[in-house]
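Thank you all for coming; I would like to walk you through one chain this morning, going from its strands to its enclosed and open spaces. Please have the sequence and the structure in view as I speak.

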Amino acid sequence: MNLESPTVSVPKTPQDTFNFISDIKNFKTLMPENISKFEVLDDNKFLFALKGMPEIVLKKKEEIPPNKIIFGAAGGKIDFALTAVILEGETSGSNVKLEFNGDFNPMMAMMIKGPISKFIETLVTNLPKAI
C-alpha cells in the first residue's frame with residue numbers, strides 16, 4: 001500500500017526543514033489532537049499512540065540531507081516506511097510531502113487506508129505552523 005500526503009509549503013530552507021523533521025522530539029508538535037501517548041525513546045526512535053489504536057514505534061532509518069528522511073516501524077507486527085520528501089520551494093522556502101509504504105494483506109489495507117491517509121495529512125499540514 002502506497003499513500004502520499006498533499007504537498008505543503010514551508011517558509012524555511014530545505015536544510016532547516018530537514019533539521020526540524022530529523023529531530024525526533026519535534027514530532028510531538030506535528031501529531032493529531034487525538035494522540036494519547038508520545039514518548040521519545042532515543043535520538044532516533046519514538047513511540048506514539050492515537051486514541052483507540054495500538055502503540056507504534058517509529059525509528060529513523062535513513063537520512064539524505066537535505067531532501068529525504070526515512071522512518072520505519074521498529075518492531076511490532078506491521079512493517080512500513082514513512083518518508084519525508086523535502087524539495088526547494090518555487091520562490092523560497094521548501095515543499096514537503098510524506099509518503100507511506102507498507103506491505104499489508106488486502107483486508108488490513110482496507111481497514112487502515114483511511115486512518116493512515118488522515119494521519120500523514122495531519123502531520124504534513126501541521127508542519128508549517130510547527131516549524
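Strands E7 and E8 form a hairpin with five residues between them, and in that turn glycine 93 has a positive phi of about 75 degrees. What we are looking at is a predicted model, and the chain averages a pLDDT of 93, with 99% of the residues scoring at least 70. The two arms of this hairpin, E7 and E8, run antiparallel and are joined by nine bridges, and if you look along them you will find alanine 81 standing opposite asparagine 101 in E8.

Let me stay with E8 for a moment, which covers residues 94-102. Strand E1, residues 2-4, pairs with E8 in the antiparallel sense over three bridges, and leucine 3 stands opposite phenylalanine 100 in E8. Strand E2, residues 8-10, also pairs with E8 in the antiparallel sense over three bridges, and there serine 9 has asparagine 95 of E8 as its bridge partner. Is E8, then, largely enclosed or largely open? Seven of its nine residues are buried, so E8 is largely enclosed by the rest of the structure.

Now to another set of strands, centred in this talk on E4. Strand E3, residues 35-42, and E4 pair in the antiparallel sense over six bridges, and a hairpin of two residues joins E3 to E4. Within that pairing, the bridge partner of valine 40 is phenylalanine 46 in E4. On its other pairing, E4 is joined by four bridges to strand E5, residues 56-64, and these two run antiparallel; here lysine 45 has lysine 59 in E5 as its bridge partner. E4 and E5 also form a hairpin, with five residues between them, and glycine 52 in that turn has a positive phi of about 80 degrees.

As for confidence, strand E4, residues 45-50, has the lowest mean pLDDT among the elements of the chain, at 91, whereas helix H1, residues 14-22, has the highest, at 97. Five of the six residues of E4 are buried, so this strand too is largely enclosed by the rest of the structure.

Two individual residues deserve a short remark. Serine 36 has its place in strand E3, and because its relative accessibility is 47%, it counts as partly exposed, the range for that class being from 20% to 50%. Its C-alpha atom and that of lysine 51 are separated by 5.4 Å, although the two residues are 15 residues apart along the chain. Asparagine 26, by contrast, is found in the loop between H1 and H2, and at 19% relative accessibility it counts as buried, because the cut-off for that class is under 20%. I would read that assignment with the cut-off in mind. The side chain of asparagine 26 reaches the backbone oxygen of phenylalanine 20 at 2.9 Å.

Let me turn to the enclosed space. How many cavities of 30 Å³ or more does a search of the whole structure find? The search finds one, and about 70 Å³ of space lies in it. The residues that line this cavity are Ile21, Phe27, Leu30, Leu82, Ala84, Leu98, Leu123, Val124 and Leu127. Helix H2 (27-30), strand E7 (80-88) and helix H3 (106-130) each supply at least two residues of that lining, and the largest share, three residues, comes from H3. In terms of residue class, the lining divides into nine nonpolar, no polar and no charged residues.

Finally, the open space. The largest pocket has a volume of about 720 Å³, and E4, E5, E7 and H3 are the elements that give two or more residues to its lining. That lining comprises 31 residues, of which Met53, Pro54, Ile56, Ile78 and Ile116 lie nearest the centre of the pocket. Which element gives the most to this lining? H3 does, with nine residues. The lining of the pocket divides into 22 nonpolar, four polar and five charged residues, whereas the lining of the cavity has no polar and no charged residues.

To close, I would ask you to keep H3 in view as we move to discussion, since this helix gives the largest share of the cavity lining and also gives the most to the lining of the largest pocket.

Conventions:
Residues numbered from 1 in each chain as written. Heavy atoms only, no water. 1 Å grid on protein atoms, 1.4 Å probe; cavity = no way out; pocket = protein on both sides within 12 Å on 5 of 7 lines; lining within 4 Å. Points joined across faces, edges and corners; volume = space filled by probe spheres on them. Nonpolar A, V, L, I, M, F, W, Y, C, P; charged D, E, K, R; others polar. pLDDT = per-residue confidence, 0-100. Buried < 20%, exposed > 50% of the residue type's maximum accessible area, 1.4 Å probe, protein only. Pairing = 2+ DSSP bridges. Polar contact = N/O pair within 3.5 Å; in protein donor to acceptor, adjacent residues only side chain to side chain.
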